[in-house]
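Thanks for coming, everyone. Please take a moment with the model on the screen, then I'll walk you through it.

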There are 2 protein chains.
Amino acid sequence: MTISKPPIGSNAERSRSSNRQAVLGCIQSAGEMGRAALARSFGLSTQAVSNIIAELEADGLLIERGVRALGRGQPAMQYSVNPKGGYALGIEVRPDAVFMAILDLSGKEVSSQRSVLKSLEPRKVVAQVQKLRAEMLQKSGIEPDRVLGAGVVMPGPFGQTGLSGNSSDLPGWQSIDVARLFSEALGLAVELSNDANAAAMAERIGGAAHGLSNYAYIYFGAGLGLGLVNQGQLVAGAYGNAGEIGQIPIFTPDGPMPLEARLSRISVQRRLANKGALDVAALGALMASEDADLLAWLDDACAALSQAVMIIENLFDPETIILGGAMPGSILDFMVSNVDLPVLSVGNREDKTLPRLQRGAAGRMTATLGAASLVLNRAFTPQAAVL
Amino acid sequence: MTISKPPIGSNAERSRSSNRQAVLGCIQSAGEMGRAALARSFGLSTQAVSNIIAELEADGLLIERGVRALGRGQPAMQYSVNPKGGYALGIEVRPDAVFMAILDLSGKEVSSQRSVLKSLEPRKVVAQVQKLRAEMLQKSGIEPDRVLGAGVVMPGPFGQTGLSGNSSDLPGWQSIDVARLFSEALGLAVELSNDANAAAMAERIGGAAHGLSNYAYIYFGAGLGLGLVNQGQLVAGAYGNAGEIGQIPIFTPDGPMPLEARLSRISVQRRLANKGALDVAALGALMASEDADLLAWLDDACAALSQAVMIIENLFDPETIILGGAMPGSILDFMVSNVDLPVLSVGNREDKTLPRLQRGAAGRMTATLGAASLVLNRAFTPQAAVL
DNA sequence: TTGAATGCTCAAGTGAATTGAGTTAATGCT
DNA sequence: AGCATTAACTCAATTCACTTGAGCATTCAA
């Protein structure tokens, strides 16, 4: 889902670029590190790491954090990522509005905004995004050339599939090269992804999956999505549509139905139709008041979630499964503590140090922040060559 | 599941090694290629490719195939992989026997053998494997240092999981470092995997998935396994147990049950218990005679498979799903043509050029050949750096 | 106090890529 | 037929980024 595949062959310059990314990524996930420790963890010489660090420091991407004595020998100068060294743009396009967020290199939100769409026509949307970017950069006092790239999140699935035609699809966007469109308009490298994948990446940059390389993320959006991270990279599938978990059939007392029919905002909205339109805040209020209808829905939702966990664990064997998205944290927490974790699963291991199911970031902006995280993840990860 | 993680940092030597693998892999999947074409597809200079080719030719891994004129300009000298340039060892350890196969670089089977296990104790098994290797290499006239590595296939899942304790587990093998054990005994790089993953890789080297990078493989072994290939690499999961598809619940008229209960050799054996022990050949004979009980089982199996396809497609969005393993080809073919392909799936695309479901290699040795294919795949794929 | 361990720098050396000029061998145009 | 064009390839020089080895600084432990 990147603009153009990176070249496969390796040469001196590409080595350096890859090593730079590895150094940055290692420091980011460890918090702070010294040259020698970095050299050891990469199989590079200290001298090589020294050169790379000098370069990164000159570029403003790293800052000195003082020396730390860790035992015998000369204490090591520690470095950490300079939050102000670079910024990532997150763009979420929805049928009604665009959301934009700016993250700094540490993954902290610098600014975020929502802009109602006047037209859904791609050119007009892009123009609106350009304007929004200019405003936000100016307001935050960020130099445009400090922006590393943009992540774009759109409702999937991409291309004409058996799941197309949902209400969440963007009309007129199915057959265009969205990544190229944004990349040319913004003059930035663009990563395109669906909401669940983006949210999954957000957890890796600064959330519950910090430092993890294999995990799954169940995302509550319009429907239900799944973000899969394998070896630190998103599993996108052949056409970028992996993770459409909402359609998989689950077993209920009323017969088989799609997971989404029991576990999604649409399903809770339908069940609690008499309570009007429920946004995240309203659901949180109902949860706080221990609303009986909501609790009844939660029972069913947990039963469905249990089956989803079983399928995900047995197919992927992740280190953990994270629950997040447009749901109040209290509801996610309830699910995490009330789901029956399946016994007949490869996820059921005695030596597991992480919980099998845990809560991630919740809220309306999760996917937008995730979009920006795609960019950060790329900045921190050496690009793998793919044939 | 390799012995030791490759170093992350890149330097000149590692660049060369990675470029060598890329060149080999590209030639292997294209059949034959010239220097200039290779250089273009990698983003390397012709000179660099020239040097690499000279080295590979000197090592006996490539052979000249004469010049081909493809238009204007000087015709290009084509190279292809020398089948006799290297060999891969495949080892499948089962509760009753070890299977061993040798593949040449082109993926062709050179030799294969079965040896009944006298003892399941790891040290004794390894000793038996060592002896078997010596015999087979000698009989085939292969110099030992032409062997690139060994792939080892064992019944999963690995480690103590909620699925442990199956009859297919190897007692006494759960808590040892199997890869190290074989690697030290054989003096070879060893890749460890379960049967489904290995079989999936076999299809990539020379079978139905030749040249594909994203596909899924449903494997009929003792139970049912799933091999997932993402970006040309197996998805192993955090603990190497991804793809345990047999346990996922599916919907049947008799209620929910594990997929394996409807779609596996065990299930057909149970349904046709009155016909005695059924090996692959016996099942093939029943299929040829259009046995009514077998056809009834197939109906149920296809219904189950349809659900599995839906889950796999929606979670992974593969280019294709391949069916293979210890089942007669005729039964696999029947399934491929009789399964109801789910409509509500991201796999249901109009622009798909590959069939959504197709048949792969069938037979008793599939996993053993797959084990050797793991080695070939590594020889042909630049190793990705993983943090 | 002394020696071992550890972090780091400087300067020289090395491996593998790129660059640019030049050769060879096809096709296409006049 | 002759010549320009295109493409594949080689040789030699250069460049890039990493490694190596010598040497210094700082800390801990005996």
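**Two chains, two DNA strands**

Start with the symmetry. Turn chain A by 180°, with 0.0 Å of shift along the axis, and it superposes on chain B with an RMSD of 0.1 Å. That is the relation of a two-fold axis. Where does chain A come nearest to the axis? Look at Ala384(A): its C-alpha is the nearest in chain A, 2.6 Å away. One reminder before we go on: this is a predicted model.

Now the protein interface. Chain A puts 64 residues into the contact, and chain B puts in 65. For chain A, 100% of the interface residues are also interface residues in chain B, so the copies meet through the same surface. How big is it? The size of an interface is often given as the accessible area lost when the parts come together. Here, about 5300 Å² is buried between chain A and chain B, and carbon and sulfur atoms give 63% of that.

How many salt bridges cross between chain A and chain B? The rule finds zero. Polar contacts are another matter: 25 residue pairs between chain A and chain B make them, counting pairs with both residues at pLDDT 80 or more. On the chain A side, several elements supply at least two residues each, including helix 1 (12-30), helix 2, strand 10 (224-230) and helix 9 (292-316). Helix 9 of chain A gives the most, with five residues. By class, this side of chain A has 33 nonpolar, 24 polar and seven charged residues.

On to the DNA. Strand C is up. It has 28 residues around it, and the nearest are Gln47(A), Ser50(A), Gln74(A), Ser45(B) and Gln74(B). Both chains are in that list. Which part of strand C faces the protein within 4 Å, backbone or bases? Sugar or phosphate accounts for 68% of those atoms, and bases for the rest.

Here are some individual contacts on strand C. Ser45(B) has a polar side-chain atom 2.2 Å from a phosphate oxygen. Arg72(B) goes to a base: a side-chain N or O atom sits 3.1 Å from a base oxygen. Gly73(B) uses a polar backbone atom, 3.4 Å from a base nitrogen. Which elements give two or more residues to this surface? From chain A, helix 2 (35-42), helix 3 (46-58) and strand 3 (76-81); from chain B, helix 1 (12-30) and helix 3 (46-58). Helix 1 of chain B has the largest share, four residues. The surface near strand C holds nine nonpolar, 13 polar and six charged residues.

Last, strand D. It has 27 residues around it. Nearest are Asn19(A), Ser45(A), Gln74(A), Gln47(B) and Ser50(B). Sugar and phosphate make up 69% of the strand D atoms within 4 Å of the protein.

Three contacts to point out. Ser45(A) has a polar side-chain atom 2.5 Å from a phosphate oxygen of strand D. Gln74(A) reaches a base, with a polar side-chain atom 2.6 Å from a base nitrogen. Met77(B) uses a polar backbone atom, 2.8 Å from a phosphate oxygen. The elements supplying at least two residues each are helix 1 and helix 3 of chain A, plus helix 2 (35-42), helix 3 and strand 3 (76-81) of chain B. Helix 1 of chain A leads with four residues, the largest share. By class, the surface near strand D has eight nonpolar, 13 polar and six charged residues.

Technical notes: Residues numbered from 1 in each chain as written. Chains lettered and ligands numbered in written order. Predicted model: local features only at pLDDT ≥ 70, side-chain atom pairs only at ≥ 80, totals over all residues. Heavy atoms only, no water. Near = heavy atom within 4 Å. Polar contact = N/O pair within 3.5 Å; in protein donor to acceptor, adjacent residues only side chain to side chain. Nonpolar A, V, L, I, M, F, W, Y, C, P; charged D, E, K, R; others polar. Contact = heavy atoms within 4.5 Å. Buried area = accessible area lost by both parts, 1.4 Å probe. Salt bridge = Lys/Arg side-chain N within 4 Å of Asp/Glu carboxyl O. Least-squares fit on C-alpha atoms with pLDDT ≥ 70 in both.
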